Amino acid sequence: MKFYELSPEERRRQLVEAGLMTPADAALWAGTPGLDPAVAAHLIENQIGQIALPLGVVRDLPVNGRSVQVPLATEEPSVVAAANNGARIAALNGGVQAQAPAHLVVGEVVFATAAPDRVVALLAAHEAEIRAVAAAAHPSIVRRGGGLRTVTVTRLDGFVKLALGVDSQAAMGANIVNTIAEAVGHAAAAWVGEPPLVAILTNGDTEPTVATVTLAPDTLATRNVAGAEIARRIAQLSRLATVDVARAVTHNKGIMNGVGAAVLATGNDWRAVAAGAHAFAAASGRYQPLATWHLQEDGRLAGRIALPLQVGVVGGAMSALPSAQAALRLGGFDSVAALQQALAALGLVQNLAALRALAGPGIQAGHMALQANSLAIAAGATGDEIAVVAATLRGTAMSLAAAQQALAALRKDEQQ
Ligand code: NDP
């Protein structure tokens, strides 16, 4: 049986038997989802409950010669299936190559000033002090081999910006950078003669992780469309996204379907990643696709994604979320770079699967087949009824009313 045909229990067992999941993590995910009530009550303010999402897995995403099991938390049907499909095609083609940048998170200390030249000169003259204050503000990150790396002063219209590039090691770095930025801002107020307007990290200014893949057209064939034709249409769809912002937004939304779900599953800050991704897409002044595809002279389809990823593998809420830690273990994400590389590769294959569907049968065939489950649940089906009602719906004009009718008929049959 294929992995997707197994029950969740059988899937966990298979992953444990393959040495990809620990028995303890399998037991964690087998149990009722939810945080310890005391943890939930202390993680945010005004806590009144918890929500749960299904957790899926992308099997064997090939990244830099390694097969990665990528956990995805999502409510959207077809995201996990599409990612697995894209991973399968990439595996047929030697896998995805991904390269993560040096991990630098930038803090901004900005002065609103009528005398920008004077402020620029004062800040530039105090670089040694800035470095000393930054190190004293967060000694533990320095001990871990990280800390302030770059100091840049720029003039903006009516402002002077001191940008502090911080290596936050294995952490995403928002709190670390904010601590450093505020300390430097406080110290700089004495030199500048006025306090900064703001001292906080930016979710932009992150170097992108880049992933590439090259595909033989015959690996792209669908039931009714030849691989070379699919490859040609994917390249055209990619070009369309560069000239039509409306298409580019949806193109990128599809990429974030997978990336956002993996960021969420690993306990990372999906708002930071989403804000950074869309700002990067618009960096040229015109919103652009994050992943692009072109036909090479040899007829193969080359894909490339560039995506800034502000993530970590320790810190933040991760230690309070047992499922996030299990997700990091499942993915083997033992460094920021390993996680970034997998996320970028995931975004690329997710985009491939979406564009291949658009170029071939269209997106709805696969979506609606899976949507049948959601409709069955919305109609009130529970337990084994969900699969039976969904099967009745497939191949018909799907609607909530049809699902309700199918459920009523099933229950009537069972009573007889
Ligand atoms: P933390 O504040 O949790 O700092 C990292 C923690 O990890 C520290 O306690 C550190 O220990 C520990 N740690 C253990 N091993 C390492 C290692 N190898 N490298 C680095 N740290 C290590 O997290 P972040 O600074 O990463 O901040 C992330 C959080 O900030 C997220 O929850 C995010 O949502 C939130 N946030 C985001 C903002 C934004 O994006 N705009 C704004 C504000 C907050 P030690 O103390 O001993 O060094």
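**Exercise 1. The surroundings of the ligand**

Task: In this predicted model, find how many residues surround the ligand and which of them are the closest.

Solution: Counting the residues around the ligand gives 21, and the closest of these are S140, R144, G173, D269 and G316. As a next step, sort the shell by residue class, which yields 10 nonpolar, 9 polar and 2 charged residues. Then turn to the domains: domain 1 (58–99 + 207–361) and domain 2 (104–201) each supply at least three residues to the shell around the ligand.

**Exercise 2. Backbone atoms and the ligand**

Task: Work out which polar backbone atom lies 2.6 Å from an oxygen atom of the ligand, and then go on to other backbone atoms, the buried area and the elements that take part.

Solution: Begin with G173, since a polar backbone atom of G173 is found 2.6 Å from an oxygen atom of the ligand. Continue with M172, where a polar backbone atom and an oxygen atom of the ligand are separated by 3.2 Å. At A170 the partner is a nitrogen atom of the ligand, and a backbone N or O atom of A170 lies 3.1 Å from that nitrogen. Now consider area: the ligand taken alone exposes 940 Å², and the protein buries 67% of that. Finally, look at the elements that give two or more residues to the shell around the ligand, which are helix 7 (139–143) and helix 8 (174–192). Helix 8 gives the most, with 4 residues.

**Exercise 3. The two sides of helix 2**

Task: Determine which residues of helix 2 (residues 23–30) are buried, and explain why they line one face of the helix.

Solution: First pick out the buried residues of helix 2, namely D25, A26 and W29. Next, look down the axis of helix 2: the buried residues fall within an arc of 105 degrees, and therefore they line one face of the helix. To complete the picture, turn to the other side of helix 2, where P23 and A24 are exposed.

**Exercise 4. Three residues in their places**

Task: For L330, N252 and G299, state where each one lies, and decide whether each is buried, partly exposed or exposed.

Solution: Start with L330, which belongs to helix 12 (residues 322–331). Its relative accessible area is 7%, and since buried means under 20%, L330 counts as buried. Computed along the sequence, L330 and V70 are 260 residues apart, yet in space they are 7.2 Å apart, C-alpha to C-alpha.

The second residue, N252, has its place in helix 10 (residues 245–265). With a relative accessibility of 0%, N252 is buried as well. The side chain of N252 reaches the backbone oxygen of Q288 at 3.0 Å.

The third residue, G299, sits in the loop between strand 9 (291–295) and strand 10 (301–308). A relative accessible area of 28% makes G299 partly exposed, as this value lies between the limits of 20% and 50%. G299 and I386 are 87 residues apart in sequence, and 44 Å separate them in space, C-alpha to C-alpha.

**Exercise 5. The chain as a whole**

Task: Describe the chain by its secondary structure, its span and its share of buried residues.

Solution: Begin with the secondary structure, which comes to 16 helices and 10 strands. Then take the C-alpha trace of the chain, which spans about 85 × 60 × 40 Å along its principal axes. Lastly, of the 416 residues in the chain, 44% are buried.

Definitions and conventions
Residues are numbered from 1 along each chain as its sequence is written. This is a predicted model: local features need pLDDT of at least 70, side-chain atom pairs count only at pLDDT 80 or more; totals for chains, interfaces and linings use all residues. Side-chain values use heavy atoms; hydrogens and water are left out. A residue is near a molecule or strand if one of its heavy atoms lies within 4 Å of it. A polar contact is a pair of N or O atoms within 3.5 Å; within protein, one must be able to donate a hydrogen and the other to accept it, and residues adjacent in sequence count only if both atoms are side-chain atoms. Accessible areas come from the Shrake-Rupley method with a 1.4 Å probe; for residues, only the protein chains shown count as cover. Ala, Val, Leu, Ile, Met, Phe, Trp, Tyr, Cys and Pro count as nonpolar, Asp, Glu, Lys and Arg as charged, and the others, Gly among them, as polar. Domain bounds come from an automatic or database domain assignment. Buried means under 20% relative accessible area, exposed over 50%, partly exposed in between (1.4 Å probe, protein chains only). The arc is that of the directions from the helix axis to the C-beta atoms.
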